[in-house]
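Q: Please walk me through this model, one feature at a time. I would like the general idea, then the case here.

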Amino acid sequence: MQKMKIAIVYWSKNGTTEKAANIIGEKLSENEVDLFDLQIDPDPNVSGHDMVIIGGPIYFGMMQNPVKMFCKHNEKLLLEKEIGLFICSISREQDEAQFENAFSVKIRNHSRANACLGGELIFEKLNFFEKLMVWKVAESHLEFHIDQLETDTFVEKLYAVIANYCTA
Ligand SMILES: Cc1cc2nc3c(=O)[nH]c(=O)nc-3n(C[C@H](O)[C@H](O)[C@H](O)COP(=O)(O)O)c2cc1C
């Protein structure tokens with residue numbers, strides 16, 4: 001089977017997007033996968049990769065800046081590659097709008113697989129202000145998790161792109 005060189009670029013504040021990035025990486029591990037944490041390298045070089053998967057968390061309705069900056073800075077390059085996009089968030093009602101707001105129209109239109117993978121609330125990691133704010137977003141639910149089905153569907157879409165790419 002032909003392999004693809006895949007970069008997974010992510011930023012995570014409390015660890016959930018990192019977890020999601022690792023799960024996706026494992027599921028795609030028949031390929032050559034490199035994970036890039038934007039906290040460690042804010043502008044990784046993905047010019048040698050065939051596919052770039054980009055993910056980040058939503059806080060207060062917004063994708064976090066390091067992800068936005070990476071996309072903006074690399075827009076031209078990303079438009080020449082296969083790309084996949086995902087967000088981690090807990091507000092399912094807001095997901096469509098949050099996703100649209102997270103990535104530019106050009107990047108979204110070019111993407112071959114998009115996903116809202118759910119999220120987690122790890123209360124020990126939140127400060128007092130965040131705990132207060134989160135009650136509003138969480139709407140009194142406490143249990144949130146990465147959505148396995150959404151993750152599997154996302155990876156399936158990516159595999160379809162890989163199959164197409166390798167037979168082209
Ligand atoms: C202070 C705060 C604000 C948040 N705001 C939103 C929000 O506006 N919409 C949403 O869907 N999720 C929101 N979340 C949930 C996060 O997106 C979720 O916890 C996600 O898993 C965080 O990912 P990370 O661990 O990679 O940083 C918020 C969480 C916190 C702690």
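Q: Which residues does Gln64 touch, not counting residues up to four places away in sequence?

A: Contact means heavy atoms within 4.5 Å. By that test, Gln64 touches Trp11, Pro57 and Tyr59. This is a predicted model: local features need pLDDT of at least 70, side-chain atom pairs count only at pLDDT 80 or more, and totals for chains, interfaces and linings use all residues. Residues are numbered from 1 along each chain as its sequence is written, and side-chain values use heavy atoms, with hydrogens and water left out.

Q: Where is Gln64 found, and is Gln64 buried or exposed?

A: Helices (H or I, at least four residues) and strands (E, at least two) are DSSP runs, numbered from the N terminus. Gln64 sits in the loop between strand 4 and helix 2 (65-73). Buried means under 20% relative accessible area, exposed over 50%, partly exposed in between (1.4 Å probe, protein chains only). Gln64 has 18% relative accessibility, so Gln64 counts as buried.

Q: Which backbone oxygen lies 3.2 Å from a polar atom of the side chain of Gln64?

A: A polar contact is a pair of N or O atoms within 3.5 Å; within protein, one must be able to donate a hydrogen and the other to accept it, and residues adjacent in sequence count only if both atoms are side-chain atoms. Here the partner is the backbone oxygen of Met62.

Q: What is the phi of Phe60, and where is the place of Phe60?

A: Phi is near 50°, a positive value in a residue other than glycine. Phe60 belongs to the loop between strand 3 and strand 4 (62-63). With a relative accessible area of 55%, Phe60 is exposed.

Q: Which residues come nearest to the ligand?

A: A residue is near a molecule if one of its heavy atoms lies within 4 Å of it; the rule for a strand is the same. There are 23 residues around the ligand, and Ser12, Thr17, Ile58, Tyr59 and Glu120 come nearest. Look at the oxygen atoms next. One ligand oxygen is 2.6 Å from an N or O atom in the side chain of Thr17. A backbone N or O atom of Ile58 also lies 2.6 Å from an oxygen atom of the ligand. For Ile90, a polar backbone atom is 3.1 Å from a ligand oxygen.

Q: How much of the accessible area of the ligand does the protein cover?

A: Accessible areas come from the Shrake-Rupley method with a 1.4 Å probe; for residues, only the protein chains shown count as cover. On its own the ligand has 640 Å², and the protein covers 98% of that. Helix 1, strand 3 and helix 6 (128-138) each give two or more residues to the shell.

Q: How far does helix 7 reach from its first C-alpha to its last?

A: The expected span of a helix is 1.5 Å times one less than its number of residues. Helix 7 (residues 148-167) has 20 residues and reaches 29 Å, close to the 28 Å expected. At its N-terminal end, Asp147 is the cap: a side-chain oxygen lies 3.0 Å from the backbone nitrogen of Leu149.

Q: Which residues of helix 7 are buried, and why are they on the same side?

A: The buried ones are Thr151, Phe154, Val155, Leu158, Val161 and Ile162. They cover an arc of only 115° around the axis (taken from the directions from the helix axis to the C-beta atoms), so they fall on the same side of helix 7. On the other side, Leu149, Glu156 and Thr167 are exposed. The cover over the buried residues includes strand 1 (5-10) and helix 1 (16-27).
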